[in-house]
Amino acid sequence: MALDTQNLASTQPKLSQLDTAGDIQEAVARGAAGVSLRSVTKKYGNFTAIENLTLDIPAGSYCCLLGPSGCGKTTTLRMVAGHEPVTNGDVYIGDRRVNALPPAKRNTAMMFQNYALFPHKTVWQNVEFGLRMRGINTAERQVRVSEILELVGLGHTGDRKPDQLSGGQQQRIALARALVTRPQVLMLDEPLSALDENLRVRMRSELRNIQKQFGLTFIQVTHHVEEAFSLSDQIVVMDHGHIDQVATPTELFEAPASRFVARFIGDNNIFEGKVVNVIPDDGTFDVIELDVEGLGSVFSRGQAVPVGQTAACSVRPDLLAIVTSSEEQSSFTKDNHLTARIVDVELTGYVTRVGLLSEATGQELLYKVRTSDWSRMGLSEGQVVMLRWSAHDCVFLPY
Ligand code: ATP
């Protein structure tokens, strides 16, 4: 039976909006399954690698598990795939509880970091392998392998061995081998880490296109923030065996939920202090006044925050401004100001990263600015400047 990829492409759901019942139903109808983990714990002896983790991944979405080394991303993926048994809790794929099912019965496929291609087999035989194992007949194998090789743009390489392919081509073959079995969920463990920077960026968009085209559920492990942002409908930020935040890339960028997420995802500037005042603002948010040692008041936006608690707030480096004498004061009165010395200037292309040191507290700060704007400012290392940022751009972070 031929796979009608043209039709698949034309009926694909809008994955960025996969939060409506209709979209999920459509993805399910096309073969995707959602994944749910319910209070899952994984212990290795006395060591708890994952603790009481609950997560829902919608059918047809691209989900990245993001976090530093050792936080439990791969363990989580392996428990969904069935390569690692859970110690407690339940794993569902679609509406099936799969705890007791072996990997081959879960309707999932896994793509590994090193691609795990058989070096002595041809490309064709590598892709065909999973179908043979499932007892698919010769005629159907022929159709499905040639179709999937065409889809990844490597129909001409069937007779080659893996070592006669480039890194990017090997990656596509590994993807074809995983997709040819028509899994409901594809799991990818750091699939791009073996590639150089340029190829990684190109393959990222290929992965995303193929995921869209098939409308499947993709779950990818990565510790690259940029990769997670560029691929995901949903990012799961993990730390020490638990989830810190589940959010869309935009939500994560604009409203990190903890100090850990704020630091991990974007070099954010974080201020720690005590809540001394909560000022009602626009009905949705309050302005929270933190007393920060050495700085005094720092204002941020938050909700339902009790006075007296120790807390923090975070502002992105691109939302700071350097105030010049000619600049008008903001109409918003609760602006934050801080005097700092420029200690480091790094041109990274379109963006310049400027490291500063607060004179009052010794805290290091980061300011990011378009390189063309930085050049116009005429500033250099050693100068003392006034930084300003709005309370509206500063996110309150509870402890
Ligand atoms: P990385 O990005 O480095 O791959 P990760 O986030 O995927 O890290 P895991 O591989 O899931 O992390 O590991 C989570 C924790 O569980 C780590 O502390 C790791 O040392 C531990 N761990 C993983 N596998 C085993 C095992 N088989 N036996 C004992 N401990 C393990």
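A polar contact is a pair of N or O atoms within 3.5 Å. In this predicted model, an oxygen atom of the ligand and an N or O atom in the side chain of T75 are 2.5 Å apart. The views below start from that site and then move to the strands and helices.

**View 1. Polar atoms of the protein meet the ligand at Y44, G70 and T75.** The ligand oxygen and the side chain of T75 make a pair at 2.5 Å. At G70 the backbone takes part instead: one of its polar atoms is 2.8 Å from an oxygen atom of the ligand. Y44 faces a nitrogen atom of the ligand, with a polar side-chain atom at 3.4 Å. On its own, the ligand exposes 640 Å², and 58% of that is buried by the protein.

**View 2. A shell of residues surrounds the ligand.** Y44, F47 and A49 belong to this shell, together with P68, S69, G70, C71, G72, K73, T74 and T75. Sorted by class, five of the shell residues are nonpolar, five are polar and one is charged. Which elements each supply at least two residues of the shell? They are strand 2 (47–57) and helix 3 (73–81). Helix 3 gives the largest share, three residues.

**View 3. Strand 1 and strand 2 form a hairpin.** Strand 1 covers residues 35–44, and it pairs with strand 2 in the antiparallel sense over seven bridges. One of the bridges links S36 to D56 in strand 2. Two residues lie between the strands, and G45 has a positive phi near 60° in this hairpin. Y44, which has a polar side-chain atom 3.4 Å from a ligand nitrogen, is the last residue in the range of strand 1.

**View 4. Six strands make an open sheet with mixed pairing.** The order across the sheet is 6-7-8-3-9-10. Strand 6 (108–111) and strand 10 (242–247) are the edge strands, each pairing on one side only. On average, neighbouring strands are turned by 20° against each other, direction ignored. Within the sheet, strand 3 (residues 62–66) and strand 9 (residues 234–239) run parallel and are joined by four bridges. C64 has I235 of strand 9 opposite it. In general, strands of a sheet pair through backbone hydrogen bonds, either parallel or antiparallel.

**View 5. Helix 3 and helix 7 pack on the six-stranded sheet.** Helix 3 touches strand 3, strand 6, strand 7 (185–189), strand 8 (217–222) and strand 9. The direction of helix 3 makes about 150° with that of strand 7. Helix 7, residues 197–214, touches strand 3, strand 7 and strand 8. The angle between the directions of helix 7 and strand 8 is about 155°. Helix 3 also supplies three residues to the shell around the ligand.

**View 6. G82 sits in the loop that follows helix 3.** This loop leads from helix 3 to strand 4 (88–93). Which residues does G82 contact, leaving aside its neighbours within four places in sequence? They are P103 and R106. Computed along the chain as a count, G82 and A104 are 22 residues apart, while their C-alpha atoms are 8.5 Å apart in space.

**View 7. Five strands make an open sheet with antiparallel pairing.** The strand order is 15-19-16-17-18. The edges are strand 15 (321–323) and strand 18, and each of these pairs on one side only. From one strand to the next, the twist averages 50°. At one end of the order, strand 15 pairs with strand 19 (residues 384–390) in the antiparallel sense over three bridges. A321 has R388 in strand 19 as its bridge partner.

**View 8. Two hairpins share strand 17.** In one of them, strand 16 (residues 335–347) runs antiparallel to strand 17 (residues 351–358), and seven bridges join the two. R341 stands opposite L357 of strand 17. Three residues separate strand 16 from strand 17, and G349 in the turn has a positive phi of about 115°. In the other hairpin, seven bridges join strand 17 to strand 18 (residues 364–370), again antiparallel. Here R353 stands opposite K368 of strand 18. The turn has five residues between the strands and includes G362, with a positive phi of about 75°.

Terms used: Residues numbered from 1 in each chain as written. Predicted model: local features only at pLDDT ≥ 70, side-chain atom pairs only at ≥ 80, totals over all residues. Heavy atoms only, no water. Near = heavy atom within 4 Å. Polar contact = N/O pair within 3.5 Å; in protein donor to acceptor, adjacent residues only side chain to side chain. Areas by Shrake-Rupley, 256 points an atom, 1.4 Å probe, with all protein chains shown as cover. Nonpolar A, V, L, I, M, F, W, Y, C, P; charged D, E, K, R; others polar. Pairing = 2+ DSSP bridges. Axes fitted to C-alpha atoms, helices over the stretch in contact; angles between N-to-C directions. Contact = heavy atoms within 4.5 Å.
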